[in-house]
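I am opening a notebook on a structure I have not looked at before. The entries follow the order in which I looked things up.

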Amino acid sequence: MINRRDFMKLSAVGGGAVFLSGLSQITQAAAAYDDFYFVQLSDSHWGYQGPANPEANNTLRKAVETVNGLELQPDFIMFTGDLTHTTDDPKERRKRLTEFRDIVSDLKVKNVHFIPGEHDASLDNGAAFKEFFGETHYSFDHKGVHFVTLDNVSDPGASIGEAQLAWLAADLAKQARDARIVVFTHRPLFDLVPKWDWATRDGAKVVQILMEYPNVTVFYGHIHQENHHMTGHIAHHSAKSLVFPLPAPGSQDKRTPLPWNPAAPFSGLGFREVEAEDKPFQLKITEFPVTRA
Amino acid sequence: MDLQISKGWKIGTACLAILALVSIGAAHSAAPKTGKERVVKVVAKRFIYTPNEIILKAGVPARLEFTSLDFVHGFKVPDLDIRVDLPPGKVTTVHLTPQKAGVYDFLCDNFCGVGHEEMSGKIIVKD
Ligand SMILES: [Cu+2]
């Protein structure tokens with residue numbers, strides 16, 4: 001299972017609105033100087049207790065073990081929100097954040113970034129999250145790629161807000177027009193399923209800013225499954241969760257978790273590698289299950 | 001001050017349009033004085049709307065009067081292009097005249113706590 005490489009060719013330079021998907025082998029040998037990869041983990045919902053995942057106390061740890069077991073370690077790891085499951089009790093929220101932080105501190109890779117999900121941040125405007133992990137939106141550069149994180153959860157109404165939009169525009173204005181840009185956020189920036197709250201209230205304004213740049217790819221979480229969507233030339237890729245899968249977009253009345261399958265525990269859960277290839281620049285996604293078979 | 005927003009046209013496949021006039025503010029000043037409106041009072045609290053099934057008649061103007069008890073819940077009906085905040089301590093009124101029979105989901109789109117994801121309901125429009 002771990003050797004199976006599903007990969008996609010993303011964000012082809014020159015407005016390529018295509019991604020190829022299929023099964024293939026990616027060779028990790030002979031990487032060019034600027035090639036690297038990162039891991040996206042999402043939606044661990046630490047503190048969740050319920051029938052949709054009777055192994056909720058172990059799933060995050062198993063994911064950490066699996067990541068630590070990757071032959072070639074990633075340059076960095078990004079958690080795209082819902083680190084913890086929501087609680088109305090501020091003390092309990094901090095307890096969950098503490099436990100989450102302790103578990104992920106076992107990751108071999110120490111370059112780990114975090115953004116919040118609405119479960120972490122919407123009830124206190126991100127206050128507890130910030131105590132543990134700092135800013136909820138920021139940018140950084142890595143080997144020629146500009147990474148931007150956006151916070152669409154600290155506002156309980158899922159707005160990014162004018163201040164952050166202005167920050168985004170200013171941050172990107174410092175980049176070359178054809179810069180390689182990767183955006184991380186929690187909720188989809190487009191209306192995926194509004195009746196399930198799979199949207200960002202002012203996400204269209206973000207997309208409008210991003211549209212100026214020909215080379216942008218978005219990675220997000222929230223919907224607990226893979227989804228691949230284009231807005232113009234911008235590809236949006238959601239990640240699997242580490243707690244329970246949710247139904248396909250709009251496929252049923254309510255977005256209730258898919259039931260746990262005792263015959264195939266942890267099915268539908270996982271994380272991904274994203275390999276940034278230098279020449280030509282492209283991002284290749286490889287999905288991994290939580291546990292080694 | 002009343003904020004009157006014409007929430008535009010939602011064109012369905014049958015090219016039927018639904019015009020929703022949403023007004024935020026005190027009910028007495030915002031409501032048109034037609035007298036023909038169907039009035040439905042809705043209470044919003046963590047994590048339920050009461051009622052959570054609102055039955056309306058196609059082509060008949062309706063006035064939804066929301067009272068929130070504990071939080072600035074949201075009221076969003078994606079397929080009718082309606083969304084408002086429901087601050088506690090006042091009545092929030094939504095005027096709409098649904099044109100097409102059908103079931104329209106609504107939800108609270110302001111994260112309000114552990115049961116937030118279940119806070120939803122349906123507007124059922126009958127011919
Ligand atoms: Cu609510």
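**Entry 1. Contacts, and chain B as a whole.**
Before counting, I note that a contact means heavy atoms within 4.5 Å. I also note that I am working with a predicted model. With that cut-off, I looked up chain B and found that residues 24 or more positions apart account for 64% of its contacts with a separation of 6 or more. I then listed the secondary structure of chain B, which has one helix and 11 strands. I wrote down their order along the sequence as β-β-α-β-β-β-β-β-β-β-β-β. I checked burial next: chain B has 127 residues, and 46% of them count as buried. For its accessible surface I have about 6,000 Å², with 58% belonging to carbon and sulfur atoms.

**Entry 2. Chain A as a whole.**
I looked up the corresponding totals for chain A. I find six helices and 13 strands in it. It has 293 residues, of which 58% count as buried. I took its contacts between residues at least 6 apart in sequence, and 70% of these join residues at least 24 apart. Chain A exposes about 11,700 Å², and carbon and sulfur atoms supply 52% of that area.

**Entry 3. The copper ion.**
Which atoms coordinate the copper ion? I find ND1 of His73(B), SG of Cys108(B) and SG of Cys112(B), at 2.0 to 2.3 Å. I wrote down the spacing of these donors along the chain as H-x34-C-x3-C. I then looked up the accessibility of the two cysteines. Cys108(B) counts as buried because its relative accessibility is 1%, where under 20% is required. Cys112(B) is buried as well, also at 1% relative accessibility. I searched the whole structure for disulfides and found zero over all chains.

**Entry 4. Salt bridges.**
How many salt bridges does the structure hold over all chains? I have 20. I looked at some of them one by one.

One of them is between the side chains of Arg180(A) and Asp278(A), with N to O at 2.8 Å. I placed Arg180(A) in strand β8 (residues 180-184) of chain A and Asp278(A) in the loop between β12 and β13 (282-289), so I note that the pair links distant parts of the chain, 98 residues apart. I checked how open each partner is. Arg180(A) counts as partly exposed, at 23% relative accessibility. Asp278(A), at 9%, is buried.

The next one I looked up is between the side chains of Asp253(A) and Lys122(B), with N to O at 2.7 Å. This pair joins two chains, because Asp253(A) lies in the loop between β11 and β12 of chain A and Lys122(B) lies in strand β11 (residues 120-126) of chain B. I have Asp253(A) as partly exposed, with a relative accessible area of 39%. I followed the pair further and found a network of salt bridges that links Lys195(A), Asp253(A), Asp105(B) and Lys122(B).

Within chain B, I looked at Glu65(B), which forms a salt bridge with Arg63(B). The closest N and O atoms of that pair are 2.9 Å apart. I have both Glu65(B) and Arg63(B) down as buried.

**Entry 5. Ser241(A).**
I went back to the loop between β11 (234-238) and β12 (270-277) of chain A, where I find Ser241(A). Is Ser241(A) buried or exposed? It is buried, with a relative accessible area of 0%. I looked for its polar partners, and its side chain reaches the backbone nitrogen of Val243(A) at 3.1 Å. Leaving out residues up to four places away in sequence, I have Ser241(A) touching Ser42(A), Asp43(A), His224(A), Leu269(A) and Gly270(A).

**Entry 6. Pro249(A).**
I looked up one more residue of the loop between β11 and β12 of chain A, namely Pro249(A). It counts as partly exposed, at 31% relative accessibility. Which residues does Pro249(A) touch, not counting those up to four places away in sequence? I find Leu192(A), Val193(A), Trp196(A), Trp198(A), Gln225(A) and Asn227(A). I also took a distance from Pro249(A) to Ala127(A), which is 122 residues away along the chain. Their C-alpha atoms are separated by 31 Å.

Technical notes
Residues are numbered from 1 along each chain as its sequence is written. Chains are lettered from A and ligands numbered from 1 in the order in which they are written. This is a predicted model: local features need pLDDT of at least 70, side-chain atom pairs count only at pLDDT 80 or more; totals for chains, interfaces and linings use all residues. Side-chain values use heavy atoms; hydrogens and water are left out. Helices (H or I, at least four residues) and strands (E, at least two) are DSSP runs, numbered from the N terminus. Buried means under 20% relative accessible area, exposed over 50%, partly exposed in between (1.4 Å probe, protein chains only). A polar contact is a pair of N or O atoms within 3.5 Å; within protein, one must be able to donate a hydrogen and the other to accept it, and residues adjacent in sequence count only if both atoms are side-chain atoms. Accessible areas come from the Shrake-Rupley method with a 1.4 Å probe; for residues, only the protein chains shown count as cover. A disulfide is a pair of cysteine sulfur atoms within 2.5 Å. A salt bridge is a side-chain nitrogen of Lys or Arg within 4 Å of a carboxyl oxygen of Asp or Glu. Donors are N, O and S atoms within 2.8 Å of the metal (3.2 Å for Na, K and Ca); water is not among the atoms, so sites may look incomplete.
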